[in-house]
Amino acid sequence: MEDRSNSFLETERTGVLMRRYAVPCVISLLVAALYNIVDQIFIANADYLGSYGNAANTVVYPLTVVALAFAVMIGDGCCAFVSISLGAKNASDAHKSIGSAVVMSAGIGIVIMALYLAFMDPIITTFGGRVNDETFALSREYMFWIALGIPFYVFGQAMNPVIRSDGSPKFAMASTLAGAVINLILDPVFIYVMRWGMMGAAVATLLSNVISCAYFLILRAAHRKKSALTLRPMGMDGSVAAEVLGVGLPACLMTLFENVSYALLDNRMALQGTAMQAGLGVAKKVNMLAHCMARGMAQGVLPLIAYNYAAKRYDRMRAAIRLSTAASV
């Protein structure tokens with residue numbers, strides 16, 4: 001089958017492409033951020049969890065961000081590499097990067113899960129979970145189930161930018177929305193009706209991540225004839241994988257460094273008590289909403305910049321940078 005070239009990235013008006021790519025991307029990231037925010041809202045309003053549950057959520061939240069950082073490294077790196085390859089009319093490398101991204105996201109997700117399960121107690125302690133026995137116990141309960149869902153979370157977050165590089169930003173948004181809706185439905189059922197506590201909140205998130213990944217795979221298969229890319233070859237191409245990771249490394253480091261500051265704050269707030277730690281968690285989520293809007297703008301414009309860079313349409317590349325910067329400001 002002949003591949004589409006995504007040549008509209010080189011011909012369509014920049015403003016139109018910005019709306020087509022950036023808006024769904026911002027919505028996708030805001031929805032992804034809502035996963036943890038929704039958990040915290042329902043936990044905070046459960047009379048049998050209260051501030052201890054909120055504090056436990058605050059302790060575990062940075063661990064999700066660590067997983068997100070590696071997903072971003074793979075996803076953003078692959079998105080840029082795919083767009084550059086298609087812009088240079090090199091579909092072969094684009095295909096190889098997709099297969100490598102799938103393998104890397106699955107492997108890294110499993111490794112992170114294993115590390116979280118193996119070193120759960122010291123990790124919780126590092127992030128301020130020893131403030132009291134109640135918070136520590138709830139943190140362990142929540143982290144166990146969240147860790148089991150990490151492979152699905154990493155895969156979903158890594159594949160989302162890749163889908164956008166294929167010229168399907170709305171499809172990427174739909175796969176994220178599917179998981180968010182499930183999480184919103186299951187959280188009150190598990191926490192208030194079943195009274196599963198922190199386990200209920202975490203299992204709702206786990207299942208929503210599984211469903212989001214399944215939704216992606218099913219719709220991807222259904223739309224494969226309309227796609228510029230395929231998921232084959234599925235093997236790891238070492239040289240292509242290295243380039244993908246190299247491109248995505250700055251975004252990964254930025255996310256990790258931000259998380260280090262959160263970890264330091266968690267430890268300081270833990271010394272002040274559970275209420276202060278829970279309050280920090282609320283402030284984090286509000287800040288994350290602003291962060292997601294800015295990051296969504298950057299991710300949304302990435303395929304446009306990368307494609308036109310490779311196609312040597314530097315005028316369009318500069319126009320996209322100027323327009324996205326103005327929109328972000």
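Which residue caps the N-terminal end of α6? The close-ups below, all taken from a predicted model, start there.

**Close-up 1. Asparagine 132 sits at the start of α6 as its cap.** One of its side-chain oxygens comes to 3.3 Å from the backbone nitrogen of glutamate 134. The helix being capped covers residues 133-165. Just around this spot, arginine 130 lies over the face of phenylalanine 136, 3.8 Å from the ring centre.

**Close-up 2. Helix α6 takes a bend at glycine 149.** The angle is about 45 degrees, and proline 151 follows within four residues. End to end, the 33 residues of α6 reach 47 Å from the first C-alpha to the last. That is close to the 48 Å expected at 1.5 Å a residue.

**Close-up 3. Arginine 295 and aspartate 76 pair up in a salt bridge.** Their N-to-O distance is 2.9 Å. Here the pair links distant parts of the chain, since arginine 295 belongs to helix α10 (residues 274-310) and aspartate 76 to helix α3, 219 residues apart. Buried or exposed, these two? Both arginine 295 and aspartate 76 are buried.

**Close-up 4. Aspartate 47 meets arginine 195 in a salt bridge between two loops.** The closest N and O atoms are 3.8 Å apart. Aspartate 47 is in the loop between α2 (14-44) and α3 (50-87), while arginine 195 is in the loop between α7 (169-193) and α8 (197-222), so the contact ties together parts 148 residues apart in sequence. Aspartate 47 is exposed, at 69% relative accessible area. Arginine 195 is partly exposed, at 47%.

**Close-up 5. Arginine 313 forms a salt bridge with aspartate 315.** Their closest N and O atoms are 3.2 Å apart. Arginine 313 has a relative accessible area of 27%, which makes it partly exposed. Aspartate 315 is partly exposed too, with 40%. How many salt bridges does the model have? The count is four, and the pair shown here is one of them.

**Close-up 6. Phenylalanine 8 is a buried residue in helix α1.** That helix runs over residues 8-11. Phenylalanine 8 has a relative accessibility of 19%, so it falls under the 20% cut-off for buried. Where does leucine 304 come in? Its C-alpha is 9.7 Å from that of phenylalanine 8, although the two are 296 residues apart along the chain. As for ring-on-ring contacts, the model has four aromatic pairs.

Terms used. Residues numbered from 1 in each chain as written. Predicted model: local features only at pLDDT ≥ 70, side-chain atom pairs only at ≥ 80, totals over all residues. Heavy atoms only, no water. Expected span 1.5 Å × (residues − 1). Bend = angle between axes of the 7 residues up to and from the residue. Polar contact = N/O pair within 3.5 Å; in protein donor to acceptor, adjacent residues only side chain to side chain. Phe/Tyr/Trp six-rings, centres within 6.5 Å; stacked < 30°, edge-to-face > 60°. Lys NZ or Arg CZ within 6 Å of the ring centre and 35° of its normal. Buried < 20%, exposed > 50% of the residue type's maximum accessible area, 1.4 Å probe, protein only. Salt bridge = Lys/Arg side-chain N within 4 Å of Asp/Glu carboxyl O.
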